Amino acid sequence: MKKYIIYLFLLSIIFISNTVLQAQVKVEYSTIKLNSTIKPLDNTNDWLFEIQNLDPTQGNVIYKQYFASQKRKVNKKYASMRMGEYIGNNLHSTDVDTPIVDYSFVGNEYSYSAPNDNTMAVSNDGIVVSAINTNIIFYDTKKDTLLKRMSLRYFSRNVDGISNHQYDPKAIYDYQNDRFILVYLAGSGTSGSSDIIIAFSTTNNPLDEWNIYAIEGNPFNDSSWTDYPSISLSDKELFITGNLIKTGNGSWQTSFKQSLIWQIDKQDGFEGEILDMAIFSNIKHKGIPCRNIHPVRGGDKFYGPDMYFLSERNFDIENDTFFVMKVDKYLSEGDLTLEVEAIVSDEKYGMPPNALQPALTDSLSTNDSRVLGAFYYDNKIQFVGNSVDVLTGHASFYHGIVNLAENNRNLHLNIFSDSLLEYGYPNISFCGTTAESQQSIITYNYSSYKTLPGMASFIYKGKDDAYSVPIILKEGESTIQVLNGNERWGDYSASQPMYNKPGQVWAAATYGKKYYSIRAYGTWITSLNTQLTDEVSISDGKIDSKVYPNPVGKEMAVVEFTLEEKEEIKIQIVDVNGRFIDEIYSQQAERGRNRISFTTAPLVSGLYFVIIRNENSIIKTHKISVIN
């Protein structure tokens, strides 16, 4: 009986400690006045000036030493495996169609700075706002025209009292308001000041006026500065997360103070009004601060008031725990709270080694295993981040799925690697076209000791661990060799669903590109589509057909189809706007399996439909992407 009482007492202590833990999260409310406005169309004197020290840094001295120590441990642990003939995961399948490339172009030009840190947002009308660590571009994809290029520094030139060191941009498109939001940092531990710049476009044309606010990056006046912002939108609010870093040369444990969450009324920003804002601080689990908190974006739409966040133990060489957080009230409702829950995954992740490049060129830094992209759809969160594959020792990435069902909360994790390639900086977007779909497109960087740094992608079918075979979106043209020592590969890449075009996703990432004598960074921006639900059949479903390769370039395109009976058929080409291009086949086809091939040389690059039809109806329709 005494043991039972002691047991109940211990349980009560645990319960009370967990309750207090949640109550310890602090929420402070404040307002921010409009600081200035900027109209990019009036930009006439932007020199796009940039200066960079070529010796890479990772923050304060002792933090840098710790980070390097962890990387050495990882590299040493897997050194004998890095160039071995090991087989990566077997999750990729030819039964899942690969993404279709709709449109691609070279993004932000290299500005003699590192890293690239690609971010991008695209409007329903195809206007792209893309940024790297130094500059912004506005691009009209329908006219295939660069509208404007300007530096981050010039964009916020009317904001008084901020540092000229401006970096870590994040862009997002609000499809409800048809507006853009751009967030980036000004100042760091060596700058003497720290601010978060938030810019709201006032129209859907990014060349029109923007409302600009500067939020204090040292909100508690404790000699800290904000690093590594991430952003998301609900139906009414903007959420920003960031890490508070203590200024100075202390140890990495004391230099990282905590991660914060800002909750902001976005409508105020679009209208240039005073911003209502709340700051969540002291976010911990079992007394340990949660680091690198990542907000979760809506899959097919913005949701609210609930907003989810993810975190993990990103510096650990091996771990299996993730942290799921939730805010469940609008700012206007007051009395805000933040839930923090630990969920153990069924696979382990860990800090990755740096990725190799050809010809013994400096390795590409892969940073740590923080969450880099996430979305919420139908009570599940899908997310991705850098990791190590313990079977091959390669830099890899994880794809996780959190099931939020109250009676069955769990986290399933897959690690992606290859016998040759090493991966880094993935991102993910929802691309489903049905209510039941959990389909997503994952994009990522790749490199190896035999392969130049490039960009690739594949589709997750949405169930049964089924993934398409990867396709290369942009091959590397050069190694990357800018800094003295390990090269910065970036800190993130970009991905966004087209909310008005289900199944379409835009992405931006880094590839190796040569600028005169410098082996540096290129930015590749591309639009992807899924074929999984694109086939349209007016028949009884017994007609089987496929088109390959897809995308198709210089090689011949092939159409295979099966007919139940011998009949007269036509195969036609139609462009993405429904304009008839040509009829490439019109005669009888035999019962059973048939195959024809044709060149796409008469077509310009773009998206087309290959239609198989008989006298009375369309049998099958396939999308095909042509790259000429």
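This passage describes the internal cavities, selected strand pairings, several buried residues and the unusual backbone geometry of a predicted model.

Five cavities of 30 Å³ or more were counted in the model, and the largest cavity encloses about 270 Å³ of space. Its lining comprises 26 residues, of which His294, Arg297, Leu372, Asn427 and Ser495 are the closest to its centre. The elements that contribute two or more residues to this lining are strands S5 (119–122), S9 (166–174), S13 (224–233), S19 (294–295), S20 (297–298), S25 (371–377), S29 (422–430) and S35 (494–497). In terms of residue character, the lining of the largest cavity divides into 13 nonpolar, 11 polar and two charged residues.

Strand S5, one of the elements that give two or more residues to that lining, also belongs to an open sheet of four strands, in which the order is S5-S6-S7-S8 and the pairing is antiparallel. Because S5 and strand S8 (145–151) stand at the edges and each has a single partner strand, one side of each is left without a neighbour in the sheet. When direction is ignored, neighbouring strands of this sheet are turned by 15° against each other on average. Within the sheet, strand S6 (residues 127–131) and strand S7 (residues 135–140) are paired in the antiparallel sense over five bridges, and Ser130 has Ile137 in S7 as its bridge partner.

A further set of pairings involves strand S15 (residues 256–265), in which eight of the 10 residues are buried, so that S15 is largely enclosed by the rest of the structure. Strand S14 (residues 237–246) pairs with S15 in the antiparallel sense over nine bridges, with Asn243 facing Ser259 of S15 as its bridge partner. S15 is also joined by four bridges to strand S16 (residues 275–281), again in an antiparallel arrangement, and here Ile264 stands opposite Met277 in S16.

Two serine residues were examined individually. Ser387 is located in strand S26 (residues 380–388) and counts as buried, since its relative accessibility is 0%; a polar atom of the Ser387 side chain lies 3.2 Å from the backbone nitrogen of Gly350. Ser440, which lies in strand S30 (residues 440–447), is likewise buried, with a relative accessible area of 0%. Although Ser440 and Tyr460 are 20 residues apart along the chain, their C-alpha atoms are separated by 5.2 Å.

Backbone geometry was considered next. Most residues other than glycine have a negative phi, and most peptide bonds are trans. Against this background, the peptide bond from Ala114 to Pro115 is cis, with omega near 0°, and Pro115 is placed in the loop between strand S4 (100–106) and S5. The peptide bond from Gly304 to Pro305 is also cis, with omega near 5°, and Pro305 lies in the loop between S20 and strand S21 (307–312).

Positive phi values were found for Asp168, at about 50° although this residue is not a glycine, and for Asn367, near 55° and likewise in a residue other than glycine. Asp168 is situated in strand S9 and counts as buried at 4% relative accessibility. Asn367, by contrast, lies in the loop between strand S24 (364–365) and S25, and this residue is buried, with a relative accessible area of 13%.

Technical notes:
Residues are numbered from 1 along each chain as its sequence is written. This is a predicted model: local features need pLDDT of at least 70, side-chain atom pairs count only at pLDDT 80 or more; totals for chains, interfaces and linings use all residues. Side-chain values use heavy atoms; hydrogens and water are left out. On a 1 Å grid over the protein atoms alone, a cavity is a set of points where a 1.4 Å probe fits but cannot get out, and a pocket is an open set with protein on both sides within 12 Å along at least five of seven lines; lining residues have an atom within 4 Å of a point. Grid points are joined across faces, edges and corners, and a volume is the space filled by probe spheres set on the points. Ala, Val, Leu, Ile, Met, Phe, Trp, Tyr, Cys and Pro count as nonpolar, Asp, Glu, Lys and Arg as charged, and the others, Gly among them, as polar. Two strands pair if DSSP finds at least two bridges between them. Axes are lines fitted to C-alpha atoms, for helices over the stretch in contact, and angles run from 0 to 180 degrees between N-to-C directions. Buried means under 20% relative accessible area, exposed over 50%, partly exposed in between (1.4 Å probe, protein chains only). A polar contact is a pair of N or O atoms within 3.5 Å; within protein, one must be able to donate a hydrogen and the other to accept it, and residues adjacent in sequence count only if both atoms are side-chain atoms.
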